[in-house]
Amino acid sequence: MRLPRIFRTTPFRLTVLFLALFASAALALLAYIYVATAGEATRRTDREIRREMSSLVSAYERAGLVAVNQSLIERAASERPYLYLLLDPRGQKISGSIDESPAEGFGGAPTWTSFTVVDPEDGRRHPARGLQQKLSGGEMLFVGADTGEDEAYVLNIIRALWGAGALVVILGLAGGVLMSRNVSRAMASLTEVVDAVRNGDLAARAHVRGTRDEFDELAIGLNEMLDRLERSMAGHKHAGDAIAHDLRSPLTRLRARLEAAYLDVEAGKGDPQQALAQALEDTDGVLKTFGAVLSIARLQAAGTAPDPVVFDPAELAADISELYEPLCEDKGLDFAAEFAKDLTVRGNREFLAQALANILDNAIKYTPSGGAIMLRVRRRSSGEVEFSVTDTGPGVPEADRARVVERFVRLENSRNQPGAGLGLSLVGAVAEAHGGRLELAEGPGKVGESGPGLRVALVLPRA
């Protein structure tokens, strides 16, 4: 028979386990209390019996048998809770409150014995304990005490502890059921979200109850993961659609040129070598687009930069400036560089080099002849390291700066320039993978007929 689900939950099982441990500890405590209380009651009774025996023996030593006998008669008639018996050397009763000695096999040495007595009022038998001792004249004296009240007191304590233990177990089980039900409800909502996502519903989200406990933390983490997964899936879908859309034109152009070259060769006119060179250039553009998309996908899938190392960003910027300074001179652009010293960053050098190259490519591509480009590496007041490229090109309107870093987004003033709109997207992906960010701002302002320019900053956390 299968148990109800609530009894199979981990919180209920833990509750039962802790209750079992508590019950074991309570049982051991009860045993200790019983032994300690009963032992203390027995020791207290023994002390009182010894004191009573010592008093009677002293009276015997002082005044003889007659004095002891008289004292026993007086004490037996009083309300003292003791049992007395005085026997002659032959074992015959002289006086006392009981008829015969319960100390069987008495050999003369002081002997302790436990026995039972009958209550004359209700006829019930009570436990008792006593000491028998031989007097110097050969007589035997027995002093005992009824221990029924002590044992009843101990038993009442034990019963109270058992009742308290049973109440704690019952309340613990009830609390375990209640806690298991609450945990099951919280987990059920998370399980429903997981099942929905597994069935393809990426819009499902876990309910955050606002209790700020571990279930809320799990729900928030799960929702953030699903948000990122949904964005990633939407990005992949958009990238696939955009690739199909953006590559249609170059592939169609490539096919048309190859077809024209084929017809020209067949007709005996045209330059097939030039057509092939153009086809190779178009093919390189398609491959470059694919490479950029794959790089972005790799960074976004990893979440962090692969194979990070600690290096000097100024050295990286110096290597990049050596490559791009001649290109600026060829286009008639002033190029300047400024690198701060004693800086370190942690990241993937190749990806950061590609990101910096993409920023400089854009700056050179969109800055008209006679303009200027500045490459700078510095430390911000926050301790972050910043790569920045400032140009005097047309810039990017403030309303378009958030959109221009998306994949395959190209502004109207860049439609006549080669490219696929992936340069800044890759830079943004590199910045995010390194825990940094990409910032776009207005450049140095209008310079002659050029401007207002653009300042692109790749900001990285300090190593």
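## How confident is the model?

This is a predicted model, and its mean pLDDT over the chain is 78, with 82% of the residues reaching 70 or more. Confidence varies from element to element. Strand E9 has the highest mean pLDDT, at 93, while helix H4 (residues 272-302) has the lowest, at 68.

There's also a stretch to treat with care: over residues 412-416, pLDDT stays under 50. For those residues the model has 4 contacts beyond four places in sequence.

## The overall picture

If you go through the chain counting elements, you'll get 7 helices and 12 strands. The chain has 463 residues, and 38% of them count as buried.

How much of the contact network links residues far along the chain? Take the contacts with a separation of 6 or more: 63% of them come from residues 24 or more positions apart.

## The long helices

Have a look at helix H2, which runs over residues 148-198 and has 51 residues. From its first C-alpha to its last it reaches 72 Å, close to the 75 Å expected at 1.5 Å a residue. After H2 comes Gly-200, which has a positive phi, near 105°.

Helix H3 covers residues 214-267, and Arg-253 is one of its residues. Arg-253 counts as partly exposed because its relative accessible area is 38%. Now find Asp-282: in sequence, Arg-253 and Asp-282 are 29 residues apart, yet their C-alpha atoms are 8.1 Å apart in space.

## Two nonpolar cores

In soluble globular proteins, nonpolar side chains tend to be buried together. Here, the largest nonpolar core has 37 residues. Leu-360, Ile-373, Phe-387, Val-389 and Leu-458 are the ones with the most contacts inside it. Several elements chip in with at least two residues each: helices H5 (313-331), H6 (349-366) and H7 (423-433), plus strands E9 (372-379), E10 (385-391) and E12 (454-460). The largest share, 10 residues, comes from H6. A second core, of 16 residues, lies apart from this one, and its members include Ile-49, Ala-59, Val-68 and Ala-145.

What does Leu-458 touch, leaving aside its neighbours within four places in sequence? Its contacts include Leu-352, Ala-355, Ile-359, Val-385, Phe-387, Val-427 and Ala-431. Glu-386 and Arg-437 are in contact with Leu-458 too.

## Rings and their partners

A search of the whole structure turns up 2 aromatic pairs. In one of them, Tyr-82 and Tyr-84 have ring centres 6.2 Å apart and planes at 50°, so this pair counts as tilted. Are these two tyrosines buried or exposed? Tyr-82 has 15% relative accessibility, so it counts as buried. Tyr-84 is buried as well, with a relative accessible area of 0%.

Another ring has a charged partner: Arg-349 lies over the face of Phe-311, at 5.5 Å from the ring centre.

## An unusual loop residue

Let's finish with Asp-342, which sits in the loop between strand E7 (334-339) and strand E8 (345-347). Asp-342 has a positive phi of about 60°, although it is not a glycine. Its relative accessibility is 70%, so Asp-342 counts as exposed.

Key. Residues numbered from 1 in each chain as written. Predicted model: local features only at pLDDT ≥ 70, side-chain atom pairs only at ≥ 80, totals over all residues. Heavy atoms only, no water. Helix = DSSP H or I, 4+ residues; strand = E, 2+ residues; numbered from the N terminus. Expected span 1.5 Å × (residues − 1). Core = buried A, V, L, I, M, F, W, Y, C linked by side-chain atoms within 4.5 Å. Buried < 20%, exposed > 50% of the residue type's maximum accessible area, 1.4 Å probe, protein only. Contact = heavy atoms within 4.5 Å. pLDDT = per-residue confidence, 0-100. Phe/Tyr/Trp six-rings, centres within 6.5 Å; stacked < 30°, edge-to-face > 60°. Lys NZ or Arg CZ within 6 Å of the ring centre and 35° of its normal.
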